[in-house]
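Q: I'm new to this one. Can you put the structure up so we can go through it?

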Amino acid sequence: MNTTRLALTFALACLLSAPAADAASRRKSPAKKKRPAATKTAPVSEPDEDTFTPPDDAPPASDAPTAATRPAITPAATKPSATKPADVATQIVRAAPSSAVAVFGVARQPVAADSAAKLEDTLTRKLGTAGDVQFVDLATAFPTSAPQGNPKGDALFDEGRAAYDNLDPDTAAVKFKAAADAYVQRPGDLRPEKLGEAYLFQGASQLLNGDVAGAKASFTNALVAEPSLRPDAGLFGQDVQRVFAEAQKDLSAQPQGSLVVTSQPEGARVLVRGRDVGATPLSGVKLAPGHYPVQVVLPGYATSVSYSEVKPATPTEVKAKLAPSPGLAALRDAAAKGGSAQAFDADGVPPEVGAIGERLNARYVVLAAAFQDKKGRLHGEVQAWDLRTKNRLKGLEVDFTKRDGKGSADAAADQVHTFLTGAALPQGRQDTKEPVASSSDSILRKPWFWAAAAGVAAVTAGVVYVATTDRGPGFNPVNGLPGGISF
């Protein structure tokens, strides 16, 4: 009996002490430390400018066109489970609104080029005035490159500053002038404040050598480069302050000149000293006499850069003929194919039209063709496609001799606007999400078709991706390949 009672007591004591012992062991055991990673995450490197990686598919919006299933670019085994930072950057080219409109003028013969450009301009201007039409964002599809800086000019400036600090004004003046010349030679990468600073130190160096007239001229150049520039009293003495103030007073007393800028095509932004002053055609920009860096910028086109002299009380004219970038040139080649007489007469969506819509993420593509008949008369024809519903507006003929009324370019623009706003949908037509690419676009999927692109362009299932790194005007990545399609 005593043995049994003793055994029961021992068992009960064990049961009661187990939780406490477990809790004590948990309190005494140190927390586990995280093991340092075996490797460090490498920074995302910039893509090489000679290569181009097509963006990954973005989930289609509710009203976005649905293309045929695209074959995988990489093997299924290597498909990432999450979006990489690099992928996010490449998706920016597809950020246009899903109901955006792309308008292209097409010249079926070289003699009709001016008429096609004017027809495109009229359609774009009239549709834009309506206020309810969203155009594709070419600035997003073809971003302009940021200024690259001027290492040569910066190095010369630093050498001049070292000489100036070491009381060697002769060497300093030479170095600062060389730095200013290096900056001026690359106006597209110019920082006005840096150029103004180079002229300011050049003038201060000349003043140390007793060249008052030369210093005053340099100070004037500094004020033209950057009007807000002032010599720091902590760096420059009273002589520099006095001569600089005289240069400023003399410059203000001179009558201002004006800048007149035109571009082909129109609508480009004009930057003077890196600051936006308006869009072409531009006139009436008042400037003090001097030399100015003038940039004419239009998305999809190579930037025109010049260093122009504005004279007192005289208009200075800058004419910029903008060359399409390689990416836009490829799309215009596609528009030329889609705007041919055969494409306009064919049924269905021309593969080039579908590819343009995919590249620019546009729901609507409007092509305005201009051509000359056998008698030498110019005619126009406009067609528009809704790539989501497959609806099509055709039969719009344009008489270039009419400025208004039926048959004019303005009347065609009004009918296109009606189509784009949805009023022209046939009765009973369902808003279906059919694939944009037709059976005739199979050539776009052929590997040999894009073999000559050399990384500049790539296409899968009718989707065109053109590299936005431009290397000069007039470049066409693919041309004259079998099948009659050129991008």
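A: Here it is; this is a predicted model. We can start with a proline: Pro281 lies in the loop between strand E4 (275-279) and strand E5 (282-287).

Q: What kind of peptide bond joins Thr280 and Pro281?
A: A cis one, with omega about -5°.

Q: And which kind is the bond from Gln264 to Pro265?
A: That bond is cis, and its omega is near 0°.

Q: Where is Pro265?
A: Pro265 is in the loop between E2 and strand E3 (269-272). Pro265 also turns up in a pocket: together with Ala117, Glu120, Tyr301 and Arg332, it is among the residues closest to the centre of the second largest pocket.

Q: OK, that pocket then. What volume does the second largest pocket have?
A: The volume is about 1400 Å³. The pocket is lined by 41 residues.

Q: Which elements give two or more residues to the lining?
A: Two strands and three helices do: strand E1 (101-107), strand E2 (257-264), helix H3 (113-130), helix H4 (138-141) and helix H10 (326-338).

Q: Which of them gives the largest share?
A: H3 does, with eight residues.

Q: How does the lining split by class?
A: There are 25 nonpolar residues in the lining, along with seven polar and nine charged ones.

Q: Back to H3. At what angle do H3 and helix H13 pack?
A: H3 and H13 (residues 409-420) pack at about 50°, and their axes are 9 Å apart. That angle makes H3 oblique to H13.

Q: Is the crossing of H3 and H13 left-handed or right-handed?
A: The crossing of these two helices is right-handed.

Q: Which residues make the contact?
A: On the H3 side, they are Leu119, Thr122, Leu123, Lys126, Leu127 and Ala130. On the H13 side, they are Ala409, Asp410, Ala412, Ala413, Asp414, Val416, His417 and Leu420. By class, the contact of H3 with H13 has nine nonpolar residues, two polar and three charged.

Q: H10 came up for the pocket too. How do H10 and helix H12 cross?
A: H10 and H12 (residues 351-360) cross at roughly 150°, and their axes come within 8 Å.

Q: Why does that count as roughly antiparallel?
A: Angles over 145 degrees count as roughly antiparallel, so H10 and H12 are placed in that class. The crossing of H10 and H12 is left-handed.

Q: What residues touch there?
A: H10 contributes Leu331, Ala334, Ala335, Lys337 and Gly338, while H12 contributes Glu352, Val353, Ile356, Arg359 and Leu360. Six residues of the contact of H10 with H12 are nonpolar, one is polar and three are charged.

Q: What comes after H12? Where is Asn361?
A: Asn361 is in the loop between H12 and strand E9 (364-372). Its phi is near 55°, a positive value in a residue other than glycine.

Q: New topic: H5 and H7. How far apart are their axes, and what is the angle?
A: The axes of helix H5 (residues 151-165) and helix H7 (residues 192-208) are 11 Å apart, and the two pack at about 30°. H5 and H7 are therefore roughly parallel to each other.

Q: Is that crossing left-handed or right-handed?
A: The crossing of H5 and H7 is left-handed.

Q: And which residues make the contact of H5 with H7?
A: From H5 there are Asp154, Phe157, Arg161 and Tyr164. From H7 there are Lys194, Glu197, Ala198, Phe201, Ala204, Ser205 and Leu208.

Q: How do those divide by class?
A: The contact of H5 with H7 has six nonpolar, one polar and four charged residues.

How values were computed:
Residues are numbered from 1 along each chain as its sequence is written. This is a predicted model: local features need pLDDT of at least 70, side-chain atom pairs count only at pLDDT 80 or more; totals for chains, interfaces and linings use all residues. Side-chain values use heavy atoms; hydrogens and water are left out. On a 1 Å grid over the protein atoms alone, a cavity is a set of points where a 1.4 Å probe fits but cannot get out, and a pocket is an open set with protein on both sides within 12 Å along at least five of seven lines; lining residues have an atom within 4 Å of a point. Grid points are joined across faces, edges and corners, and a volume is the space filled by probe spheres set on the points. Helices (H or I, at least four residues) and strands (E, at least two) are DSSP runs, numbered from the N terminus. Ala, Val, Leu, Ile, Met, Phe, Trp, Tyr, Cys and Pro count as nonpolar, Asp, Glu, Lys and Arg as charged, and the others, Gly among them, as polar. Axes are lines fitted to C-alpha atoms, for helices over the stretch in contact, and angles run from 0 to 180 degrees between N-to-C directions. Angles under 35 degrees count as roughly parallel, over 145 as roughly antiparallel, 65 to 115 as roughly perpendicular and the rest as oblique. A crossing is left-handed if the near helix is turned anticlockwise from the far one by less than a right angle, and right-handed if clockwise. Contact means heavy atoms within 4.5 Å.
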